[in-house]
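Student: Could you take one part of this model and go through it slowly with me? I would like to understand how its pieces are arranged around each other.

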Amino acid sequence: MCYKKWYGLLLLGVLSLVGCDNQTSTTAATGKQKIVIGTSGAPSPFTTVDDKGELVGYDIDVVKAVFAQLPQYEISFEITEFPSVLAGLDSQRYQVGANNYAMNEKRKEKYFYSDPIFKNQYVIAVAKNNQQINGFSDLKGKSTEVSPGLNYATALESYNEQNPNNPVKIVYSEAELLPVLQHVESGQYDFQLIDKVMLAQYINEHQLNLKTIELSKEDAERIASPYSYLLISKGAQGQQLTQDINQAIQKIIQNGELSKISQYYFGADYSPK
């Protein structure tokens, strides 16, 4: 009886090993490294979920175009909360983050940055009847609603450290961009820092009574460099992956594909040159 039990366990172990070997062979046969891209599915039009429940957007299409140039990789997307994208890169659950990321020094220490994929221009959104805010220096003591971890939040936090006597009143929120802008429109909050092209799109689509305050070059640089990027985890393969992604980005810039994606989502060419 004991002999039969031992033999059965041995046979089960052999079958299990055979199964694992087949799985490994199948993976090896494809020759593709699996890459998981993390995104929050917001803000539109950079990353969003459409009416059909499908993940779409500028960053999403750029990622697909980039990896179409890299047949050695097999990609998949995962939607999560915005802070969880960065946490996923930290833990290497995700190899790439696609979420209209700007560059800042804190993130540069933790992640690899791709070459730029979008040329930004930052502005201040205020209600049309707001006469108090005409530039970045007017934000002292004013209120705004931001998502934790966004480059706008980081810029304002740094500004508050430098101006502790009259800081910007920051309210942290996970609200979608439309209600955030509506809160500015209604006067609940004084302003919102935002990409110019995104603000124009929301004003047109939702008939928001907002106006745009342009930023000087110096003030814009308080927020971030005027580009957005993909973030890459600093895992074992991160450096090689970054190199491959950058080569592919240059290809889609040169062949005009990045310009076409920009024209589709924004009606203008915001691809880096």
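Tutor: Let us start with helix H7 (residues 196–206), which lies across E8, E11 and E12 and runs at about 100 degrees to E11, where an angle is taken between N-to-C directions on a scale from 0 to 180 degrees, with axes fitted to C-alpha atoms, for helices over the stretch in contact. The model is predicted, so local features need pLDDT of at least 70 and side-chain atom pairs pLDDT 80 or more, while totals for chains, interfaces and linings use all residues. Residues are numbered from 1 along each chain as its sequence is written, and side-chain values use heavy atoms, leaving out hydrogens and water. The labels are DSSP runs numbered from the N terminus, H or I of at least four residues for helices and E of at least two for strands.

Beneath these labels is an open sheet of 3 strands, ordered E11-E8-E12 with antiparallel pairing, where pairing requires at least two DSSP bridges between two strands. Strand E11 (192–195) and strand E12 (210–214) stand at the edges with a single partner strand each, so one side of each has no neighbour in the sheet. From one strand to the next, the twist averages 40 degrees.

Looking closer at one pair, strand E8 (residues 122–127) joins E11 in the antiparallel sense over 4 bridges, and Tyr-122 has Asp-195 of E11 as its bridge partner. Helix H5 (residues 151–162) also packs on the sheet, touching E8 and E11, and its direction makes about 135 degrees with that of E11; contact here means heavy atoms within 4.5 Å.
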